[in-house]
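Please look over the structure below with its ligand site, its pockets and its cysteines in mind. The report that follows takes these topics in turn.

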Amino acid sequence: MSEEKGPDDFLVLRVLGEDEDSTVVLAKDIRTNKKYAIKILDKTKVIKNGKWDQVNKEKQIISKLYHPFFVKLEYSFKDDKRLFFVLSYAANGELEWYIQHYHCLSKECVQFYTAELVLALEYLSECDLVHRDLKPANILLSEEMHVQISDFGAAKSTVQESPLNVSPAHDQLENAFVGTAEYVPPEVLIGKASSSSSDLWSLGCIIYQMMVGSTPFYDPNEYHIFHKIIECDYQVPSAMDNDAKDLISKLLVVDSNKRLGSKNLGGFHALKGHPFFANINWKNLPNEMPPAMK
Ligand code: ADE
C-alpha cells in the first residue's frame, strides 16, 4: 500500500457481490481511471455478527501476500461507519462460472489452472498460511485469464493457533450445516485443526469438478456430503483421463499427512512432478498465455 486514499478518490460503478456484513463494488480511481474491487464492510454489522477480529485478521493476511496468483490489497481506509478494502480487480470473474458455462473444462485448461493453483498453494505454505475456503467461487480470473485467489475470511496461520481461529466447518456444524460444505477436508469435519495439507484436499475436489462438472462428494443433503467426505466416498467417471484420476486419488486422501504435496510426501516438489503436469513450464506460468477457456 502506498499513498493515502479515501472514499472520495473512487467512483462506484456497480455492485459485484454482497454478503451479510459487506458489499464488494467495482469502482474506479477518479485520478487514474484504474478499476478496483472495493470490499466495503459495515462496522456495526461486523461487530454485531462477532466478526471484528476475523475481519482484522483477513486484512492482516491479505496485506502480506505478494504473489501474482492472489488478489492484492492496494489500499485500505475507513470512515465513521465503514471499512474499505481496495483490492486488485479480477476482471474475468469466478472460475465457478466457467465450469458451469462449459459444463466441464478441457484437459489442457484443467492442467493449466491446476498448475497455477499449485504455485499459489506452494506460496501460501511458504508463508505458513492455509486458505481453508478454497473453491471455484473464490478463484477469480484476471483480465489476462490468470488465477487470482480471493476471500481470506477463513484463512489462518499454521504456526500460531489462536482462540479466535474458528474453523468455517465448525461454524457450519454449529449452524446446522449452512454454507458450502463440498470442499471441506475430513480432518476439519472431525474437529482436528486444519494443516497446510487441508488446502490440498480442496484442490483435489476442484480438479475433479473441472474435469467432471460436479464436485466429488455432491449430494442434495449436506449431512450426506459430510458423510461421504469422511468416508472418502466418490466415484470417478470411467472416461476420465488416467493422470487426472491418479492425481485426484493422491489428493483426496483422508490422512492429511499422506496427501501428495504434504511435507512428509516430498512437499510441492513431488506434487509438481506428477505426470498430470508433464507439459507445464513451472518457471514461466504467470507470463504464459493461458489456453482458451473451453
Ligand atoms: N469479487 C470479489 N472480489 C473481487 C475482485 N477482487 N475482483 C473482481 N470481483 C470480485
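How do the residues of the lining of the second largest pocket divide into nonpolar, polar and charged? In this predicted model, that lining divides into four nonpolar, four polar and six charged residues. The second largest pocket has a volume of about 310 Å³, and of the 14 residues that line it, those closest to its centre are Ser88, Tyr89, Ser142, Glu144 and Gln148.

Ser88 and Tyr89 also belong to the surroundings of the ligand, together with Leu16, Val24, Ala37, Val71, Ala90 and Leu140. By class, this shell holds seven nonpolar residues and one polar residue, with no charged residue. Two distances between a nitrogen atom of the ligand and the protein backbone are set out here.

| Ligand atom | Protein partner | Distance |
|---|---|---|
| nitrogen | polar backbone atom of serine 88 | 2.9 Å |
| nitrogen | polar backbone atom of alanine 90 | 2.9 Å |

Taken on its own, the ligand has 260 Å² of accessible area, and the protein covers 83% of that area.

The cysteines are the remaining topic. A disulfide is a covalent bond between the sulfur atoms of two cysteines, and a search of the whole structure finds zero disulfides. Why is the sulfur of cysteine 232 not in such a bond? The closest cysteine sulfur, which belongs to cysteine 205, is 8.8 Å away from that of cysteine 232 and therefore too far for a bond, given that a disulfide requires the two sulfur atoms to be within 2.5 Å. Is cysteine 127 buried, exposed or partly exposed? Cysteine 127 has a relative accessible area of 30%, and so counts as partly exposed.

How values were computed: Residues numbered from 1 in each chain as written. Predicted model: local features only at pLDDT ≥ 70, side-chain atom pairs only at ≥ 80, totals over all residues. Heavy atoms only, no water. Near = heavy atom within 4 Å. Polar contact = N/O pair within 3.5 Å; in protein donor to acceptor, adjacent residues only side chain to side chain. Areas by Shrake-Rupley, 256 points an atom, 1.4 Å probe, with all protein chains shown as cover. Nonpolar A, V, L, I, M, F, W, Y, C, P; charged D, E, K, R; others polar. Buried < 20%, exposed > 50% of the residue type's maximum accessible area, 1.4 Å probe, protein only. 1 Å grid on protein atoms, 1.4 Å probe; cavity = no way out; pocket = protein on both sides within 12 Å on 5 of 7 lines; lining within 4 Å. Points joined across faces, edges and corners; volume = space filled by probe spheres on them.
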